[in-house]
Amino acid sequence: MIGAAAEAGTNAELGTAISQWIGRVVPHDGYMLAAVDPVTGAGSFLAREHGYSPAAARRLTLGDRSEGEHPVTFERLVDGPHRAAVLNTDGPGPCRSPSMRAVMAGESVGSELRVALVGAGVTWGGLVLVRARRARPFSAVEAARVQRLGRSVVAAMKRYVSGRPLEPSSLDRPPGVLVVGADETVVAATPSVRDWIGELGTVPAAVSTAALVQPHALLESTVWNLTQATRGTGAPRLTRVPTRRGWIALRAQPMIGAGPGAVAVTIQPATGTELLPAMALWHGLSPRESAIVGHVLQGMATKQIARRLEVSPHTVNDYFKSIYRKTGVCAREELIARLLG
């Protein structure tokens, strides 16, 4: 699976490779793979097939948050002793509320197996497998199997991301700006937004990106996740998304004077300093290696970095060799050129 992840050209290809690999152990009818920014926890990239529709997934997410205590939210799975759990429309095991079970039934889903993807103390995302109604529900044994596979799924996601261009997006368009109303529909948008949304790789081929930025249009999944996170805290939120042309940064912040609940979202190439914290985790840089890259972006020479870190220049050069190996670059100049675009 790791090799297939390295060769995946799109989010959908990555999701298919992971789904097929897990399917040998735990058969399922559909899946949703959602990665998060490992620094901020906001949604980063998404793949789905034959699972919940975007509208149903949103209703379930909001319903799980609003309808009282829920036994197996992703937040609880991240913090709890068990990373995987099963939810059924009917039958034994934890169930959602009646209204949320109605959403599952409306999607012809009878059983859902969800697993929080956590590794080395970092949350990388979540995986949802579904089985159709009238099919055999997922079992606790199958949940345990998928939980054991979670680390391999994280490794595949890292391999996929590390294969994306290590640089800000090269899309030659002005930054895109969306104003989102309290009803989670578009209030206004700049013309370049549709091109940036197209870069995110989550819009089905049958859907026009132009339709997603018209007034009152429903939001693209990554943008929706980010605006939800912003409303939940009332504070600005950031996510970084790896794409075929490089990294994109999405920032959301509450609007002032644009009506209750309005949020502004800016989409543009990720700067080197924005990219570094997430890139360091995806590429497996150590805290010291990440600090060295940060000093490089500030224009420090090797001797200056050595003095700052209180180590020898030889030790700094050893760190550089490790950084180059992990990021796939050959020299300091190439690393700077990539991160600064």
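In this predicted model, helix 2 (residues 11-23) packs against helix 6 (residues 140-162) at an angle of about 155 degrees, and their axes lie 11 Å apart. Helix 2 is therefore roughly antiparallel to helix 6. Two open sheets, one with the strand order 2-1-5-4-3 and one with the order 7-6-10-9-8, are described below, together with a second helix pair and a salt bridge between R240 and D37.

**Helix 2 and helix 6**

- The crossing of helix 2 with helix 6 is right-handed.
- Helix 2 contributes N11, L14, I18, W21 and I22 to the contact, and helix 6 contributes V146, L149, S152, V153, A156, M157 and Y160.
- Sorted by class, the residues of this contact between helix 2 and helix 6 comprise 10 nonpolar and 2 polar residues, with no charged ones.

**Sheet with the order 2-1-5-4-3**

- This open sheet has 5 strands, and their pairing is antiparallel.
- Its edges are formed by strand 2 (43-49) and strand 3 (84-88); each has a single partner strand, so one side of each lacks a neighbour in the sheet.
- From one strand to the next, the twist averages 15 degrees.
- Strand 1 (residues 30-36) and strand 5 (residues 122-132) run antiparallel and are joined by 6 bridges.
- Within this pairing, A35 is placed opposite G125 of strand 5.
- Helix 5 (residues 98-106) packs on the sheet, where it touches strand 3 and strand 4 (109-119).
- The direction of helix 5 makes about 105 degrees with that of strand 4.

**Sheet with the order 7-6-10-9-8**

- This open sheet is likewise built of 5 strands with antiparallel pairing.
- Strand 7 (186-189) and strand 8 are the edge strands, and each of them pairs on one side only.
- On average, and with direction ignored, neighbouring strands of this sheet are turned by 20 degrees against each other.
- Strand 6 (residues 176-180) runs antiparallel to strand 10, and 5 bridges join the two.
- V180 has V263 of strand 10 opposite it.
- Strand 9 pairs with strand 10 (residues 263-269) in the antiparallel sense over 7 bridges.
- Q253 has A264, in strand 10, as its bridge partner.
- Strand 8 (residues 237-243) also pairs with strand 9 (residues 246-254) in the antiparallel sense, over 7 bridges.
- A hairpin of 2 residues connects strand 8 to strand 9.
- P242 faces W247 of strand 9 across this pairing.

**Helix 11 and helix 12**

- Helix 11 (residues 302-309) and helix 12 (residues 313-327) cross at roughly 105 degrees, and their axes come within 8 Å.
- Helix 11 is therefore roughly perpendicular to helix 12.
- The contact involves T302, K303, I305 and A306 from helix 11, along with P313, V316, N317 and F320 from helix 12.
- By class, the contact of helix 11 with helix 12 contains 5 nonpolar, 2 polar and 1 charged residues.

**Salt bridges**

- The structure contains 11 salt bridges.
- One salt bridge is formed by the side chains of R240 and D37, with an N to O distance of 2.8 Å.
- R240 belongs to strand 8 and D37 to the loop between strand 1 and strand 2, so the pair ties together parts that are 203 residues apart in sequence.

Definitions and conventions
Residues numbered from 1 in each chain as written. Predicted model: local features only at pLDDT ≥ 70, side-chain atom pairs only at ≥ 80, totals over all residues. Heavy atoms only, no water. Axes fitted to C-alpha atoms, helices over the stretch in contact; angles between N-to-C directions. Helix = DSSP H or I, 4+ residues; strand = E, 2+ residues; numbered from the N terminus. Parallel < 35°, antiparallel > 145°, perpendicular 65-115°, else oblique. Left-handed = near helix turned anticlockwise from the far one by under 90°. Contact = heavy atoms within 4.5 Å. Nonpolar A, V, L, I, M, F, W, Y, C, P; charged D, E, K, R; others polar. Pairing = 2+ DSSP bridges. Salt bridge = Lys/Arg side-chain N within 4 Å of Asp/Glu carboxyl O.
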